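Biologist: Could you take me through the pockets of this protein, with a close look at what lines them? I would enjoy one connected account.

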Amino acid sequence: MTTSIPQQRSVVLGVGAYLPAKTLTNEELAKLVDTSDEWIVQRTGIKERHIAADGETTSMLGEKAARAALANAGVSAGDIDLIVVGTSTPDWTFPSTATQIQAALGITHGVAFDLQAVCSGFVFALATAEKFLRSGSHKRALVIGAETFSRIIDWSDRTTCVLFGDGAGAMILDAQPSQGGPEERGVLTTHLRSDGRHRAKLHVDGG
C-alpha cells in the first residue's frame with residue numbers, strides 16, 4: 001500500500017518594504033557627473049533614489065521590511081522557519097545577512113541564508129523559498145531582497161550610478177495544501193535562467 005504525499009503550494013500572506021530617509025535626486029547627481037534630469041528620466045524613468053545613512057546596513061533595511069511584511073501578514077516572527085535573503089551587498093562576507101535579520105527578529109529556530117543574483121536576487125530568493133515550502137521541509141518563509149548598492153557604485157560612471165539606490169522588500173510565504181489546479185491561490189510555477197557570457201556588461205571586482 002502506498003500513500004501519496006499531499007501537494008503544497010506557496011501562498012503570499014503579506015508584503016512589506018523599507019526605504020532609507022535620505023534621497024539623491026537627478027539634479028543632485030548632475031552636480032557629480034555629466035548627466036541631467038532629462039537624460040536620466042528619458043532613459044530610465046528614475047527621478048530620485050534612496051541612499052542608506054552612515055551605519056545603516058543591508059540587514060537593517062531587510063529587518064524593517066520584514067517587520068512590515070509580518071505586520072501586513074498578521075503573523076509573528078516566531079511563525080517563520082525559513083529566511084532567504086537575496087543580496088549582493090551583505091553586511092559581511094559571513095555570517096549571512098539572513099542570520100543577522102533572523103537574530104534581530106528574535107528567531108532562534110529554522111534556517112536562514114543568503115543568495116546572490118544581483119538584480120534578479122529577489123526572484124531567485126522567492127523561487128528557492130517556494131521550492132523549500134513545496135517540498136514540505138518548511139512551513140512559513142520570509143523572503144527578502146535588500147541592497148545598499150550606494151556603497152559599491154562608481155559615482156564617476158554616469159552609465160551606472162544613475163540606476164541604483166538602496167532599499168528592501170519582503171514577502172511572507174505560507175505552505176498550504178494544494179490539489180495542483182491553476183485556479184488555486186499561490187505561486188503556480190517559477191522559471192529561472194542564467195547566462196554567464198556577459199560579465200563585461202556589469203560587474204564588481206572581488207577580493
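Modeller: Happy to; here is a walk through the pockets, followed by a brief stop at a residue in a helix. Please keep in mind that this is a predicted model.

Let's begin with the largest pocket, which has a volume of about 1100 Å³. Its lining is made up of 34 residues, and the closest to the centre are Q116, V118, L202, H203 and V204. Sorted by class, the lining of the largest pocket holds 12 nonpolar, 13 polar and 9 charged residues.

Now to the second largest pocket, with a volume of about 340 Å³. Here 20 residues form the lining, and E147, F149, F164, G165 and G167 are the closest to the centre of this pocket. Several elements of secondary structure take part: the strands β3 (48-51), β6 (140-148) and β7 (166-178), along with the helix α5 (121-135), each supply at least two residues of the lining of the second largest pocket. As for the chemistry of those residues, 10 are nonpolar, 6 are polar and 4 are charged.

Finally, the stop at a single residue. E38 sits in helix α2, which covers residues 37-44. Is E38 buried or exposed? The relative accessible area of E38 is 63%, so this residue counts as exposed, the cut-off for that being over 50%. You can also place E38 relative to A21: the two are 17 residues apart in sequence, and their C-alpha atoms are 24 Å apart in space.

Terms used:
Residues numbered from 1 in each chain as written. Predicted model: local features only at pLDDT ≥ 70, side-chain atom pairs only at ≥ 80, totals over all residues. Heavy atoms only, no water. 1 Å grid on protein atoms, 1.4 Å probe; cavity = no way out; pocket = protein on both sides within 12 Å on 5 of 7 lines; lining within 4 Å. Points joined across faces, edges and corners; volume = space filled by probe spheres on them. Nonpolar A, V, L, I, M, F, W, Y, C, P; charged D, E, K, R; others polar. Helix = DSSP H or I, 4+ residues; strand = E, 2+ residues; numbered from the N terminus. Buried < 20%, exposed > 50% of the residue type's maximum accessible area, 1.4 Å probe, protein only.
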